[in-house]
Amino acid sequence: MNNKAILAVVGLAVIGLTGCTSISKTYPINRVSSGVEIMPLNRNEYKVLGDTKGEACAKYFLGGKLPWFSGVPTKTVSGVEGGGGSFLASLPIIGTFFGGQPQVIQEATYEALEKVPGADALLSVRVRTLKKTSVPLFYREECVTVQGKAFSIRTDAGSAE
């Protein structure tokens, strides 16, 4: 093999092993949490408890969420898409089909709600996602920050709170 061919192979290998980073922000208008519309609630039927923020990260190696083969329960929020599958997400190669961004958003939403005692859901939800791929197809990391206003649903619409 000549020097040009070796240089080309080394160059392609370096390009193939480089990583990338992407950042995205979303603001789901008129949503309490994913899949829940705010329209059915009148203002006197809920009480805003304050601002909150939750963060969660997931690390994947060979498509499986680390730590591999973990049976750790996933933190999920009822009514929000993308939960469950924590064991299946931790399996190498097939874990990609059961984990990912929706599951990390679930965990961040859970953390945000846990910070405000009595909170039922979030209003004005903002989601910031940071994805890093260090070695394509081998290692990636996803971090999500969920911000919003925590609120509780009033059990008696006529109660004076």
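User: Hello! Where does Glu141 lie?
Analyst: Happy to help, and please keep in mind that this is a predicted model. The protein chain has three helices and seven strands. Among these elements, the one that holds Glu141 is strand 7.

User: Which side chain of opposite charge is nearest to Glu141, and how far away is it?
Analyst: Glu141 is buried yet has no salt bridge. A salt bridge needs a side-chain nitrogen of Lys or Arg within 4 Å of a carboxyl oxygen of Asp or Glu. For Glu141, the nearest side chain of opposite charge is that of Lys132, at 4.8 Å.

User: Which residues is Glu141 in contact with, leaving aside its neighbours within four places in sequence?
Analyst: One of them is already familiar, since Lys132 has Glu141 as its bridge partner in strand 7. Leaving aside neighbours within four places in sequence, the contacts of Glu141 are Ala58, Lys59, Leu130, Lys131 and Lys132.

User: How many bridges join strand 6 to strand 7?
Analyst: Strand 6 covers residues 121-135 and strand 7 covers residues 139-153. One pairing between them sets Leu122 against its bridge partner Ala150 in strand 7. The two strands run antiparallel, and the bridges that join them number 12.

User: Which residue in the turn between strand 6 and strand 7 has a positive phi?
Analyst: Strand 6 and strand 7 form a hairpin, with three residues between them. In that turn, a positive phi of about 70° belongs to Leu137.

User: How many bridges join strand 4 to strand 7?
Analyst: Here, too, it helps to look at single pairs. Glu55 stands opposite Thr145 in strand 7, and Asp51 stands opposite Lys149 in strand 7. Strand 4 and strand 7 run antiparallel, and the number of bridges joining them is 15.

User: Which residue is the bridge partner of Tyr60 in strand 5?
Analyst: Strand 5 spans residues 64-65 and pairs with strand 4 in the antiparallel sense over two bridges. The two strands form a hairpin with two residues between them, and Leu62 in the turn has a positive phi of about 55°. In strand 5, Tyr60 has as its bridge partner Lys65.

User: How far apart in sequence are the parts that the pair of Lys149 and Asp51 ties together?
Analyst: The structure holds two salt bridges. In one of them, the side chains of Lys149 and Asp51 meet at 2.7 Å, N to O. Lys149 lies in strand 7 and Asp51 in strand 4, so the distance in sequence between the parts they tie together is 98 residues.

User: Is Asp51 buried or exposed?
Analyst: Its partner Lys149 is partly exposed, with a relative accessible area of 34%. Exposed means over 50% relative accessible area. Asp51 has 59% relative accessibility, so Asp51 counts as exposed.

User: What is the relative accessible area of Glu142?
Analyst: Glu142 forms a salt bridge with Arg140, and the closest N and O atoms are 2.5 Å apart. Buried means under 20% relative accessible area. Glu142 is buried because its relative accessible area is 6%.

User: How far apart in space are Ala121 and Lys149, C-alpha to C-alpha?
Analyst: Ala121 has its place in strand 6. Ala121 is buried, with a relative accessible area of 10%. Ala121 and Lys149 are 28 residues apart in sequence, and their C-alpha to C-alpha distance is 8.4 Å.

User: Which element gives the largest share of the largest nonpolar core?
Analyst: This core has 15 residues, of which Val104, Leu122, Val144 and Val146 touch the most other members. The elements that give two or more residues to the core are strand 4, helix 3, strand 6 and strand 7. The largest share, four residues, comes from helix 3.

User: Which residues does Val144 touch, not counting those up to four places away in sequence?
Analyst: Val144 is one of the core residues that touch the most other members. Not counting residues up to four places away in sequence, Val144 touches Gly54, Glu55, Ala56, Val104, Ile105, Ala108, Val127, Arg128 and Thr129.

User: Looking at the whole chain, what percentage of contacts between residues at least 6 apart in sequence join residues at least 24 apart?
Analyst: From the N terminus on, the elements run α-β-β-β-β-β-α-α-β-β. Of the 161 residues, 31% count as buried. For contacts between residues at least 6 apart in sequence, the share joining residues at least 24 apart is 72%.

Technical notes
Residues numbered from 1 in each chain as written. Predicted model: local features only at pLDDT ≥ 70, side-chain atom pairs only at ≥ 80, totals over all residues. Heavy atoms only, no water. Buried < 20%, exposed > 50% of the residue type's maximum accessible area, 1.4 Å probe, protein only. Contact = heavy atoms within 4.5 Å. Core = buried A, V, L, I, M, F, W, Y, C linked by side-chain atoms within 4.5 Å. Lys, Arg positive; Asp, Glu negative; His and termini not counted. Pairing = 2+ DSSP bridges.
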